[in-house]
Amino acid sequence: MIIGVPKEVKDHESRVGVTPAGVKALVEAGHKVLVEQKAGALSAMPDEEYQDAGAEIVGSAYDVWRLADMVVKVKEPVESEYRNFREGLVLFTYLHLAPIEGLTNALLEKKVTGIAYETVRDRTGALPLLTPMSEVAGRLSVQVGAEYLTKEHGGRGLLLGGVPGVPPANVCIIGGGIVGTNAAKIALGMGAKVTMVDLNLNRLRELDDIFNGRVFTMASNSYNIERAVSEADLLIGGVLIPGAAAPKIVTKQMVSKMKKGAVVVDVAIDQGGCIETAHPTTHSDPSYEVNGVVHYCVTNMPAAVPNTSTLALTNATFPYVAKLAKLGAKKAIQEDKGIAEGVNTFDGVLTYEAVAAAQKREWKPITELV
């Protein structure tokens with residue numbers, strides 16, 4: 001198979017879909033790998049390393065897309081990339097289709113096999129390709145939040161951990177999954193007071209054990225959320241429904257009651273966000289204010305630390321890339337239920353129920369099509 005690795009073009013997206021180590025393994029397995037010039041440069045992976053691993057360096061993205069049987073990326077294609085779609089192409093990347101109807105239309109129109117990292121499942125039913133970036137984003141959310149709490153960034157002028165005689169900042173984390181757990185680790189490590197809100201009481205018990213009672217846990221309901229949000233200096237949104245638009249857990253009214261100079265970081269923003277006042281931002285223009293509350297809602301947060309993020313992501317994605325290359329997409333989908341779960345579009349048909357529900361479209365299970 002010919003595998004194409006284009007350079008990411010989303011604003012300040014600096015990760016890359018395959019590392020030189022991945023290229024070496026693919027070439028040794030008999031495949032051809034085309035890497036766009038400088039695709040890995042911002043992840044500290046220069047062209048020379050790709051060439052030494054056996055990749056062919058290609059001067060233009062157009063040629064990578066045109067020649068490849070399968071394109072492996074990191075982020076969902078932006079509008080300027082839609083023209084590269086064609087029938088029979090396999091696209092393996094984060095897609096986050098639920099809030100992006102234009103991308104869904106383009107994939108269906110061109111009959112692209114779109115396999116989304118965020119909906120691939122492993123044998124336990126977990127989301128192995130979402131986990132590493134959720135870990136990065138969760139940890140990064142607290143670093144970013146701490147920075148935006150400084151006066152220079154419009155925040156309240158707080159040091160997250162306080163100092164002797166001065167209490168620490170209050171961090172409220174909505175969602176006790178991978179994002180929330182990793183955010184809590186960093187927030188506690190920086191000395192903050194941490195409150196975690198989740199709907200699942202068993203998960204709250206687990207979190208209480210994990211953190212040895214050092215986090216305050218609250219059952220998710222509108223009363224508790226409003227109370228926790230009003231006390232928060234830093235509010236982190238980490239609610240996920242796989243493949244679907246994130247539910248709006250925190251309302252505009254709740255945000256209006258937050259302290260002036262408080263900070264909101266909505267990690268769920270690439271699925272539409274779980275905070276009603278959140279809208280997508282970029283690394284070029286990352287923040288804005290609503291009612292005096294600073295909002296940071298960058299849709300590709302892990303791109304701020306691309307070397308760590310690329311290595312963490314490709315550790316998880318590469319076995320799937322290798323399987324798709326070895327078997328071809330159709331056979332891999334037939335043989336691996338986890339890969340089948342990842343298919344969002346196939347031969348002009350939408351195949352993921354949560355995306356169909358978000359966009360009010362018809363859909364068919366992939367099992368009926370292969």
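**Exercise 1. Find the salt-bridge partner of Glu226 in this predicted model, and say how exposed each of the two residues is.**

Step 1. Begin with Glu226 itself: its relative accessibility is 28%, so it counts as partly exposed.

Step 2. Now look for a basic side chain. Glu226 pairs with Lys257, and their closest N and O atoms lie 2.6 Å apart.

Step 3. Place both on the chain. Glu226 belongs to helix α8 (residues 222-231), while Lys257 sits in the loop between α9 (252-256) and β11 (263-266), so the bridge links parts of the chain 31 residues apart.

Step 4. Check the partner. Lys257 has a relative accessible area of 44% and is therefore partly exposed.

**Exercise 2. Decide whether Lys10 and Glu76, which form a salt bridge, are buried or exposed.**

Step 1. Locate the pair: the nitrogen-to-oxygen distance between the side chains is 2.6 Å.

Step 2. Trace the chain. Lys10 lies in the loop between β1 (2-5) and α1 (20-28), and Glu76 in the loop between β4 (70-72) and β5, 66 residues apart.

Step 3. Apply the cut-off: a residue under 20% relative accessible area is buried. Lys10, at 15%, is therefore buried, and Glu76, at 8%, is buried too.

Step 4. For context, the whole structure holds 14 salt bridges.

**Exercise 3. Work out which residues touch the most other members of the largest nonpolar core, and which helix gives the most to it.**

Step 1. Recall a general tendency: in soluble globular proteins, nonpolar side chains tend to be buried together.

Step 2. Pick out the best-connected members. Of 41 residues in the largest core, Val23, Val35, Met70, Phe92, Ile115 and Leu324 touch the most others.

Step 3. Find the main contributor: helix α10 (residues 306-327) gives the most, with 6 residues.

Step 4. Zoom in on Val35. Beyond its neighbours within four places in sequence, its contacts include Val5, Val23, Tyr50 and Ile57.

Step 5. Look elsewhere as well: another core of 32 residues lies apart, with Ala137, Ile173, Ala184 and Val194 among its members.

**Exercise 4. Identify the buried residues of helix α4 and the elements they pack against.**

Step 1. Walk along α4 (residues 101-109): Leu103, Thr104, Ala106, Leu107 and Leu108 are buried.

Step 2. Follow their contacts outward, and you reach β5 (90-93), β14 (343-346), β15 (349-350) and α13 (353-359).

Step 3. Finish just past the helix, where Lys111 has a positive phi, near 55°.

How values were computed. Residues numbered from 1 in each chain as written. Predicted model: local features only at pLDDT ≥ 70, side-chain atom pairs only at ≥ 80, totals over all residues. Heavy atoms only, no water. Buried < 20%, exposed > 50% of the residue type's maximum accessible area, 1.4 Å probe, protein only. Helix = DSSP H or I, 4+ residues; strand = E, 2+ residues; numbered from the N terminus. Contact = heavy atoms within 4.5 Å. Core = buried A, V, L, I, M, F, W, Y, C linked by side-chain atoms within 4.5 Å. Salt bridge = Lys/Arg side-chain N within 4 Å of Asp/Glu carboxyl O.
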